[in-house]
Amino acid sequence: STSPPGEIRVTGSTTFGDICPENSAEKTISVCNVGACDLHVTGASIDCPDFTLVNNPFPATVSHDSCLNLVIRFTPTSPGPKSCTLTITSDDPNNPVINLTVTANTPAASIDVPLDATFPPTVIQSIGPCHSANPFPISNTGSCNLTITNISIGGTNAGDYSLSGLPSFPIILEPGHI
């Protein structure tokens with residue numbers, strides 16, 4: 001005679017939501033056996049580089065009315081939405097392969113600068129150079145930190161302008177900061 005097989009149930013959220021590039025996040029999935037006999041979970045894998053299994057106990061045997069936890073870590077490698085498949089295989093004859101969609105989003109950086117910085121022609125000087133200063137605000141309108149690695153002036157008359165008071169690079173600009 002043969003014993004009845006184990007019966008797999010997988011619980012836990014695989015939706016990470018918005019995760020900024022400088023962060024990582026983890027979700028725990030429970031792989032449970034609700035059957036009368038042992039369940040042999042033969043493996044668990046995920047199919048893309050932004051997600052890793054950091055606590056993968058499989059292959060393993062899950063006894064009756066117990067669970068083993070599987071931890072998924074999301075570490076963003078690029079901006080935008082991510083969707084991958086977590087595959088769990090077992091000897092449950094009714095559900096030998098469980099495929100779960102794992103999703104996350106990494107918001108893109110969002111910078112806001114003035115379209116133009118104009119200097120009013122208010123100073124008339126006939127001898128020597130004339131200097132006038134104008135602020136140039138840079139703001140982070142995104143939901144994640146913005147890393148600024150350089151600021152420069154370009155264009156036809158770039159030599160007529162200079163930047164002063166620049167902080168050291170890189171500049172980490174938090175969301176909503178100027």
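Which residues have the most contacts inside the largest nonpolar core? Select Phe 16, Phe 51, Ile 72, Leu 86 and Ile 88 to see them, and bear in mind throughout that this is a predicted model. The core they belong to has 23 residues.

**Stop 1: the core and its strands**

Now colour the strands that feed this core. At least two core residues come from each of strand E3 (25-33), strand E4 (39-46), strand E7 (66-74), strand E8 (80-90) and strand E9 (97-106). The biggest giver is E4, which supplies four residues. As background, nonpolar side chains in soluble globular proteins tend to be buried together.

Next, pick Phe 51 and show its surroundings. Leaving aside residues up to four places away in sequence, Phe 51 touches Phe 16, Ile 46, Ile 72, Arg 73, Phe 74, Lys 82, Cys 84, Val 102, Thr 103 and Ala 104. Apart from the largest core lies another one, made of six residues. To find this other core, select Ile 138, Leu 146, Ile 148 and Ile 151, which are among its members.

**Stop 2: the five-stranded sheet**

Switch to a cartoon view and follow the strands in the order E2-E9-E8-E4-E6. Together they make an open sheet of five strands with mixed pairing. Strand E2 (15-18) and strand E6 (60-62) are the edges; each has a single partner strand, so one side of each lacks a neighbour in the sheet. From one strand to the next, the twist averages 30°.

Zoom in on E4 and E8, which run antiparallel and are joined by five bridges. For a landmark here, select Ala 44 and look across to its bridge partner in E8, Ile 88. You have met Ile 88 already, among the residues with the most contacts inside the largest core.

**Stop 3: around E7**

Move to E7, beginning with its pairing to E3. These two strands run antiparallel, with nine bridges between them. Select Ile 29 and you will find Leu 70 of E7 opposite. E7 also runs antiparallel to strand E5 (residues 51-55), to which four bridges join it. On this pairing, Asn 55 has Val 71 in E7 as its bridge partner.

**Stop 4: two salt bridges**

How many salt bridges does the structure hold? There are two. Since you are at E7 already, show the side chains of Arg 73 and Glu 26, whose closest N and O atoms are 2.5 Å apart. This salt bridge links distant parts of the chain, with Glu 26 in strand E3 and Arg 73 in strand E7, 47 residues apart. Glu 26 is partly exposed at 44% relative accessibility, and Arg 73 is partly exposed at 30%. Arg 73 also appeared earlier, as one of the contacts of Phe 51.

For the other pair, select Arg 9 and Glu 7. Their side chains meet in a salt bridge at 2.8 Å, N to O. Arg 9 has a relative accessible area of 40% and is partly exposed; Glu 7, at 29%, is partly exposed too.

**Stop 5: a charged residue without a salt bridge**

Finish in the loop between E8 and E9, where you will find Asp 92. Is Asp 92 buried or exposed? Asp 92 is buried, yet it has no salt bridge. Draw a distance to Arg 9, the nearest side chain of opposite charge: it is 5.5 Å away. A salt bridge would need a side-chain nitrogen within 4 Å of a carboxyl oxygen. Finally, display the contacts of Asp 92: not counting residues up to four places away in sequence, they are Gly 6, Glu 7, Ile 8 and Leu 39.

Notes: Residues are numbered from 1 along each chain as its sequence is written. This is a predicted model: local features need pLDDT of at least 70, side-chain atom pairs count only at pLDDT 80 or more; totals for chains, interfaces and linings use all residues. Side-chain values use heavy atoms; hydrogens and water are left out. A nonpolar core is a set of buried Ala, Val, Leu, Ile, Met, Phe, Trp, Tyr and Cys residues joined through side-chain atoms within 4.5 Å. Buried means under 20% relative accessible area, exposed over 50%, partly exposed in between (1.4 Å probe, protein chains only). Contact means heavy atoms within 4.5 Å. Two strands pair if DSSP finds at least two bridges between them. Axes are lines fitted to C-alpha atoms, for helices over the stretch in contact, and angles run from 0 to 180 degrees between N-to-C directions. Lys and Arg count as positive and Asp and Glu as negative; His and the chain ends are not counted.
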